[in-house]
Amino acid sequence: MQIILANGTDRYGAHISRYISEYLYFELNHDIYIYKKFKYYNNLFIKPFTLLCKTTNTKAPKSNFPDNKYGYVGSNLILVKKIKQDIPSYFKQSNLYKIYMDILPKNNLKKNICVHLRLDDCANYIPKKENLIKKGESVINHINSNFSTIMDMTVLENTTPWIQQHNCDLNLLYKFIDKIKDKYNINNVDVVMSPKPSNFKFPDNFKKFNLIRNLDVDKSILFMINSDILILSASTISYTAGLLHKGSQIYYPYWNHYFSYGLNSKLDKSNWKMYSI
């Protein structure tokens, strides 16, 4: 059976993570294709798929899981159910991961704490904590019940059932970073983020950190990959960096998308650590 990796209307990071999940799900029993006119076809983190997949002029579908009722979260859970473990630890054992390691630049690891902020179009969006918890618990309970529960699809914020990518309270994040600095005895803190919006206001305490806003998206991911301690944001770009991280520890925020990868569930075999602020 032929599968064309699905293309949606979302952005680069969501496509990378969707491609990874779909490729891992279909790789053993299908011929996998990538659409030649895919808008991110020439980007660095899509290159493994151009090497491993056949190309086609047939337009890609929006989804390869027609029975999926749960959108992006559901497509990840379909893979988690199949592999019976979290996606990050399974990915690390895959041929796809080896191809990524072969094609990515060989940079030296930094002795630092690297923090990603989800700015750009989400810079001023911070969801309510009770909504984060409600949606997160829905995903975790679904996995822990052997995928038997019906997940909550009510729209609590914005226009979609799931809590979307977002920023966080930077003063609370600063306190968490301070704890991590003490834990690992590392004072060098690099904060990677989009240059947009250019007028974004940071708390004064963030002036202690190295704020990096001049990298394109591929270079931002590479910077995070080569950090020692990586603190992820509620972002699929962050998740991509986490999957390929070469350092010693990853921290990820409480968010329904991370739980859809099998993290913080009974199937979690990773060493990723969750933080909640």
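Here are four short exercises with worked solutions on this predicted model.

**Exercise 1. The three-stranded sheet**

Work out the strand order of the open sheet and decide which strands stand at its edges.

*Solution.* Start with the order: the 3 strands run β1-β2-β3, and their pairing is parallel. Next, look at the ends of that order. β1 (2-4) and β3 (54-56) each have a single partner strand, so one side of each is left without a neighbour in the sheet. From one strand to the next, the twist averages 40°. Now zoom in on a single pair: β1 and strand β2 (residues 31-35) are joined in the parallel sense over 3 bridges. To find your place there, pick glutamine 2, which stands opposite aspartate 31 in β2.

**Exercise 2. Strand β4 and its partners**

Find out which way the side chains of strand β4 (residues 113-116) point, then trace its pairing with β5 and with β7.

*Solution.* A helpful reminder first: in a regular strand the side chains alternate between the two faces of the sheet. In β4, Ile113 and Val115 point one way, while Cys114 and His116 point the other way. Are they buried or exposed? All of them are buried.

Now for the partners. β4 pairs with strand β5 (residues 189-192) in the parallel sense over 4 bridges, and there histidine 116 has valine 192 as its bridge partner. With strand β7 (residues 229-231), β4 shares 3 bridges, and these two strands also run parallel. On that side, cysteine 114 stands opposite leucine 230.

**Exercise 3. Two packed helices**

Describe how helix α1 packs against helix α9 (residues 236-243).

*Solution.* Two packed helices are described by the angle between their axes and the distance between the axes. Here the axes come within 7 Å and cross at roughly 45°. α1 and α9 are therefore oblique to each other. Their crossing is left-handed. Finally, list the residues that make the contact: Tyr12, Gly13, Ala14, Ile16, Ser17 and Ile20 come from α1, and Thr236, Ile237, Tyr239, Thr240 and Leu243 come from α9.

**Exercise 4. The nonpolar cores**

Locate the largest nonpolar core and say which helix gives the most to it.

*Solution.* The largest nonpolar core has 71 residues, and those with the most contacts inside it include Ile20, Phe45, Phe49 and Tyr258. Helix α1 (residues 12-26) gives the most, with 7 residues. A second, separate core of 23 residues includes Cys168, Ile180, Phe206 and Tyr251.

To finish, take phenylalanine 49 as a close-up. Leaving aside neighbours within four places in sequence, phenylalanine 49 is in contact with Leu5, Tyr19, Ile20, Tyr23, Ile34, Leu96 and Tyr100.

Technical notes. Residues are numbered from 1 along each chain as its sequence is written. This is a predicted model: local features need pLDDT of at least 70, side-chain atom pairs count only at pLDDT 80 or more; totals for chains, interfaces and linings use all residues. Side-chain values use heavy atoms; hydrogens and water are left out. A nonpolar core is a set of buried Ala, Val, Leu, Ile, Met, Phe, Trp, Tyr and Cys residues joined through side-chain atoms within 4.5 Å. Buried means under 20% relative accessible area, exposed over 50%, partly exposed in between (1.4 Å probe, protein chains only). Contact means heavy atoms within 4.5 Å. Two strands pair if DSSP finds at least two bridges between them. Axes are lines fitted to C-alpha atoms, for helices over the stretch in contact, and angles run from 0 to 180 degrees between N-to-C directions. Angles under 35 degrees count as roughly parallel, over 145 as roughly antiparallel, 65 to 115 as roughly perpendicular and the rest as oblique. A crossing is left-handed if the near helix is turned anticlockwise from the far one by less than a right angle, and right-handed if clockwise.
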